[in-house]
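Colleague: Got a minute? I'd like to go through this model with you.
Modeller: Sure, let me pull it up.

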Amino acid sequence: MPQSRRRFIMTAMAAGFAGGIGLLIGTREQQPAFVWRGAALGGEARISLYGPDHDAARAALAEVVAEIERLEQVFSLHRATSELSRLNRDGALDAPSRDLVEVATAAIGWRERTGGSFDPTIQPVWLAAAAGKPATADICARAGTPVAITPSRIALAPGCALTFNGIAQGRITDRVTELLARHGFIDIVVDAGELRLPGRTRRAVGIPAAKAAVSVAEVAIATSEPKSLVLDPRGFRHHLIDPRTGDSPRHWQSISVFAPTAETADALSTAFAILPHDAVADLAASITDVAVIGADWKGRVRRYGDASMTGRGEAVS
Amino acid sequence: MGAGEARTTARHPALGLVEILPIVHRLLLIAAAALMTTAFSASAATRGAQPAAPPVAPDPALAARLFPGVTAPLSIVRREGTPPLWQVDAPGGPSGVIASTWDVAQSAGYSGQPIDILVGITPGARISGAELRRHNEPILTLGISTADIARYVGGFSGFDLTAPRVEAFADSSHLPPIIAGATVSTGVIRDAILRTARTVAVSEGYIRPAGGVIDRVTFSQRAWSDLVADGSVAHAAMSLDEARRRFGEIDDPLPEAGMPFIEAWIAVLDPPSIGRSLLGHAAFSNIVASVGPGDTSILIAGTGFHSHRGTAYLDSGVFDRLELIQSERTIKLRKADYLRIDKLALDDAPRFKEISVFRIPSSTGFVATAPFRIEISAERTRKDGTIATLRSAATYALPKSYFAAAVSDGEPQPIWVAAWQRKPFTIAAVATMIAWVAGAFFVQEFFVSRPALWLNGRLAFLAVTLVFLGWIAKGQLSVIQVVAFLHALLNGFHWETFLIEPVIFMLWAFLALGLLFWGRGVYCGWLCPFGALQELLNEAAKRLGVRQVEVPFALQERLWAIKYALFVAILGLSFYSMDRAIVLAEAEPFKTAISMSFLREWPFVAFALALLIAGLFIERFYCRYLCPLGAALAIPAKLKLFDWLHRRPQCGRECRFCETQCTVGAIDTLGRINPNECILCLRCQVIMNDEAQCVVLKRRAGRRPELNPSI
């Protein structure tokens, strides 16, 4: 067995799967049959498939690579030719893809639902913060309708720019999950920026806030942590910026959101990360099918929302 | 005195510079390296700023020649783009395009200089005509008339570009025969014409690019059930229950039951067996007529509750509910590319609520033969004000049975690969000859200590060189190749140009090493067919008692200069005009005597014979005084790393026998061997080791009894 496994690893490496972006690694039966590693929107992506059919897995993963590439071409701010970059540059975009329309619609929806603590118009503020400029509130956030979305055209108010970095990774994760389901891969673990476990098999997932693993299934999990990108160590400015003030609040060390789709989990984890715990509790209670595990700045673990989604709180180690 | 000491070979005493020589060598090598670097960077620079030698524009008369049978007047319009073309239109409609091989394929000839051929290509993917406009091919101007080239180039007219790719050089009735003696240039021309024509035919949509190509001809009437069964029609569906569950609490509830929420059937219409079967002859013809080359038509037919069209497209021009996704491409379907169909031609098809045909332009990058998916999405507002979306996807892969046989493999194999594959025997034989020469020099001492072996071996080898290498394999190097190489260094060096003639390439490759190891003699003395011819004739003459003319060394030294002057003149002239340099290079009788086996106009033959007759009295007369190739090779011969020709201290002082015996008079009155003139025939080495000939050995043998008085 170890012999053939090694041979398989060698074959997979030699195959140089998908232009060398990812790498397939064979493992024991109980563990994923395939783990693919790559990148999505600058973040690490990792997909674990379970099943005996290696050829089917390879074919499906080849499509996953193309799909991630396609969505990067929609959402990436690092590509001048992406739909989002063109929208920000030109102030309007005709014939946008469904993905952009839906994510923009959802993002503006979350902007309303969260009272502005999640806001895709934060891009100018983010750029200023990344450049080390003093904190200012998001001007676009105060505008009544900074974005006009119709299925055939998206238009921005003057001076506004969008970022979907707090939601698009979730979208990509959902899209990849959907694609793999079409190939018959349901019992899988998808991590294309955010985590999604669409299958019914319960799996242990490490939650940094809880300092433990939870046993979950049929759920998406998104985690926000200030420490993952600190812009200015002395000024305590990190990548999670409150659009309403331009500051980076210090409410949470880490906060994980459990939701049915990665897109929702992603958007809410971004919103919750800048809200104090009582506001998080209120918001979580107002949205169905959402649960939160967070570690506040003092290290205290707090749980809100639908406890059944977080594996009934049972810790697995 | 020990025999060992006497046998010790010594360099010429006058050379007391032995210590300095390595340093001189090193300096020369450094200088050469610097020179090469400069030449290469210069060539890189010129390549970077490729002088956009504008192709000669076609005039109406030329266009008429390229499109025979098209009624004048023709309009010719230059179209800048990739590739740039001239669009040719006749009163009756478009005739096709004219492309320049220099524009499209940057066709460079043997010398690295541009070859420009204008090629006419018809929309039917045929070459209508081709005309050579500009070239600097050395070999073409030699012995082959412009009419031959024009006939060769013109022979491509009527060539069908959709025909299976013809191996370069392979005998083929599709293509004009190669011009004898000009295989390099004809290969380049053939490659340039076919590559240009194929590139243009693909870019103009005259032929579909490689990879699966849809068979647009074969038709057989199919039933709906067959089309669904083999995947010609794909299906997407979502039930009302599932839609209800996914939407959640929505303002405007979905109906309780009846039909599916989404149900759609999709098909690529391009294969007649699908398109014509589904739509019927009239509608299918109508669609095919309105679709551009390279475009694809797709059918989407729905039976579900949710319309795939919606109504937003009427205002926005974009179908917001539909998305075509192929690999990393997202393609929006547009109103301008949409056609409504009311009914399918098949009786057994479901009753559709709506049928749409979409044209997918080739500019979207869509490839009909690759898998794709169509996503139909639906949106509802929930009771809490949020918007819920869902989508259903149908994946489609056109069955391979609708693919036509591949037209050509897009990027053709480089022409030189075929050249090497074509003559395995010749290549092996020449490689063997080269190995023999190299081997003989590596075991030189063994070889030269056996006079009979040396003489017979050498004559036999020269015979092979003349007959096989020269007359059969056409392996005669020429000074023009040296000039072409230098020009290539300046104009952009391409290995391909030199690899195209395997025998010549092998000889030059060996010569490059041989020059460093031994000097030019490895070629001149052993592998040059004309040299072999001279030497064999002279050998025969000597055996027949023809008196040899002794050239005094002082005169000999001055006559040597002629060949260097000739080489510099050819090289210098080549920078002014390659054509004239080639005419001057006719001073080489190689083409007459070897490449064309004396089958040439009488002045050329007379000249070659005159040289050979002179050679009967003065051995290797041509080599000694006239050969510009020898001169070109003698100059870098200074670089040689080893000095494996032995001399005795007595040579030149006590004995000057070798000097009189040297084939080319390369040994001076002091007994030194001039490496620039030496052809490495090894005769002096044989003499030196032969007690019957070497005076020093004779004298030593005579003294031997005195050293042993006891005998």
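Colleague: In what order do the strands of the open sheet in chain A come?
Modeller: This is a predicted model, and in it the eight strands of that open sheet follow the order β1-β2-β6-β7-β10-β13-β14-β15, with antiparallel pairing.

Colleague: Which ones are the edge strands?
Modeller: β1 (34-40) and β15 (301-305) of chain A, each of which pairs on one side only. From one strand to the next, the twist averages 15°.

Colleague: How many bridges hold β2 and β6 of chain A together?
Modeller: Five bridges, in the antiparallel sense, between β2 (residues 43-49) and β6 (residues 188-192) of chain A. If you want a spot to click on, Ala45(A) sits opposite Ala192(A) in β6(A).

Colleague: And which strands does α8(A) touch?
Modeller: α8(A) packs on the sheet and touches β1, β2, β6, β7 (195-197) and β10 (219-224) of chain A. Its direction makes about 145° with that of β6(A).

Colleague: What about α10 of chain A, which strands does that helix lie across?
Modeller: α10 (residues 277-286) lies across β14 (291-296) and β15 of chain A, and runs at about 25° to β15(A).

Colleague: Back to α8(A). At what angle does α3 of chain A pack with that helix?
Modeller: α3 (residues 54-75) and α8 (residues 168-182) of chain A pack at about 150°, with their axes 10 Å apart. Angles over 145 degrees count as roughly antiparallel, so that is what α3(A) and α8(A) are to each other. The crossing of α3(A) past α8(A) is right-handed.

Colleague: Which residues make the contact?
Modeller: From α3(A) you have Ala60(A), Glu63(A), Val64(A), Glu67(A), Ile68(A), Leu71(A) and Phe75(A). α8(A) brings Ala168(A), Ile172(A), Arg175(A), Val176(A), Leu179(A) and Leu180(A). By class, the contact has 10 nonpolar, no polar and three charged residues.

Colleague: OK, switching to chain B. How many helices and strands are there?
Modeller: Chain B has 29 helices and 16 strands. Of its 711 residues, 40% count as buried. Among contacts in chain B between residues at least 6 apart in sequence, 71% join residues at least 24 apart.

Colleague: Is β9 of chain B mostly covered or mostly open?
Modeller: Mostly covered: seven of the seven residues in β9 (residues 296-302) of chain B are buried. Thr296(B), Ile298(B), Ile300(B) and Gly302(B) point one way, while Ser297(B), Leu299(B) and Ala301(B) point the other way.

Colleague: Why that back-and-forth pattern?
Modeller: Because side chains in a regular strand alternate between the two faces of the sheet.

Colleague: How many bridges join β9(B) to β13 of chain B?
Modeller: Seven, and β9(B) and β13 (residues 354-360) of chain B run antiparallel. β9(B) also pairs with β8 (residues 262-268) of chain B in the antiparallel sense, over five bridges. Gly302(B) is a handy landmark: Ala264(B) is bridged to Gly302(B), and Gly302(B) stands opposite Glu354(B) in β13(B).

Colleague: Last topic, the interface. How many residues of chain B are in contact with chain A?
Modeller: 18 residues of chain B, in contact with 14 residues of chain A. On the chain B side, the elements giving two or more residues are α11 (312-316), β10 (322-326), β11 (329-331), β14 (372-381) and β15 (387-396) of chain B. β15(B) has the largest share, four residues.

Colleague: And how many of the residues on that side of chain B are charged?
Modeller: Six are charged, alongside five nonpolar and seven polar.

How values were computed
Residues numbered from 1 in each chain as written. Chains lettered and ligands numbered in written order. Predicted model: local features only at pLDDT ≥ 70, side-chain atom pairs only at ≥ 80, totals over all residues. Contact = placed C-beta atoms within 7 Å. Nonpolar A, V, L, I, M, F, W, Y, C, P; charged D, E, K, R; others polar. Axes fitted to C-alpha atoms, helices over the stretch in contact; angles between N-to-C directions. Parallel < 35°, antiparallel > 145°, perpendicular 65-115°, else oblique. Left-handed = near helix turned anticlockwise from the far one by under 90°. Pairing = 2+ DSSP bridges. Buried ≥ 20, exposed ≤ 12 C-beta atoms within 10 Å, placed from the backbone.
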